[in-house]
Amino acid sequence: MAHCPTVFSRYGIALENLGSYLDAGINMGIGTDCHPHNMIEEMRAAAILSRAAAGNMHDVTTAQVFEVATVGGARMLGREDIG
């Protein structure tokens, strides 16, 4: 599943929480659907919004967010040579 936290939050939408999707084994990737494209800010937003939605500051780790932004996106594309 692609997650674009900055765009979603602008429309008042939040993913339930990233941690629950990862715990369920769902492959997640982070996208940058807005201009300017800033993957670091998207990763930051994904972590903060997920923790807020879960009501738990330990819902998702920085390492998990980094993996979603790199390996998760590569998996979505069927690319094992990147990520």
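This briefing looks at an enclosed space inside the structure and at the salt bridges between its side chains. Please keep in mind that the model is predicted. A search of the whole structure turns up one cavity of 30 Å³ or more, and a search for salt bridges finds three.

**The cavity**

- Rolling a probe the size of a water molecule over the atoms is a way to see where empty space is left.
- The largest cavity has a volume of about 40 Å³.
- Which residues line the largest cavity? They are His3, Pro5, Phe8, Ser9, Ile13, Ala14, Leu15, Leu49 and Ser50.
- Two helices, α1 (5-10) and α3 (39-54), each provide at least two residues of this lining.
- The biggest share of the lining comes from α1, which contributes three residues.
- Sorted by character, the lining residues are six nonpolar, three polar and no charged.

**The salt bridge within helix α3**

- Helix α3, which helps to line the cavity, also holds both partners of a salt bridge, Arg44 and Glu41.
- The side chains of Arg44 and Glu41 meet at 3.4 Å, N to O.
- How many residues apart are Arg44 and Glu41 in the helix? They are three residues apart, about one turn of the helix.
- Arg44 has a relative accessibility of 49%, so it counts as partly exposed, because the exposed class starts over 50%.
- Glu41, at 33% relative accessibility, is partly exposed as well.

**The salt bridge between Arg75 and Glu67**

- A salt bridge also joins the side chains of Arg75 and Glu67, with a distance of 3.6 Å from N to O.
- Arg75 is partly exposed, with a relative accessibility of 47%.
- Glu67 falls into the partly exposed class too, at 41% relative accessibility.

**The salt bridge between Asp81 and Arg79**

- Asp81 pairs with Arg79 in a salt bridge, and their closest N and O atoms are 2.8 Å apart.
- Is Asp81 buried or exposed? Asp81 is exposed, because its relative accessible area of 58% is over the 50% cut-off.
- Its partner Arg79 counts as partly exposed, since its relative accessibility is 37%, a value between the cut-offs of 20% and 50%.

**To take away**

- The cavity lining includes no charged residues, while the salt bridges described here pair Arg44 with Glu41, Arg75 with Glu67 and Asp81 with Arg79.

How values were computed
Residues are numbered from 1 along each chain as its sequence is written. This is a predicted model: local features need pLDDT of at least 70, side-chain atom pairs count only at pLDDT 80 or more; totals for chains, interfaces and linings use all residues. Side-chain values use heavy atoms; hydrogens and water are left out. On a 1 Å grid over the protein atoms alone, a cavity is a set of points where a 1.4 Å probe fits but cannot get out, and a pocket is an open set with protein on both sides within 12 Å along at least five of seven lines; lining residues have an atom within 4 Å of a point. Grid points are joined across faces, edges and corners, and a volume is the space filled by probe spheres set on the points. Helices (H or I, at least four residues) and strands (E, at least two) are DSSP runs, numbered from the N terminus. Ala, Val, Leu, Ile, Met, Phe, Trp, Tyr, Cys and Pro count as nonpolar, Asp, Glu, Lys and Arg as charged, and the others, Gly among them, as polar. A salt bridge is a side-chain nitrogen of Lys or Arg within 4 Å of a carboxyl oxygen of Asp or Glu. Buried means under 20% relative accessible area, exposed over 50%, partly exposed in between (1.4 Å probe, protein chains only).
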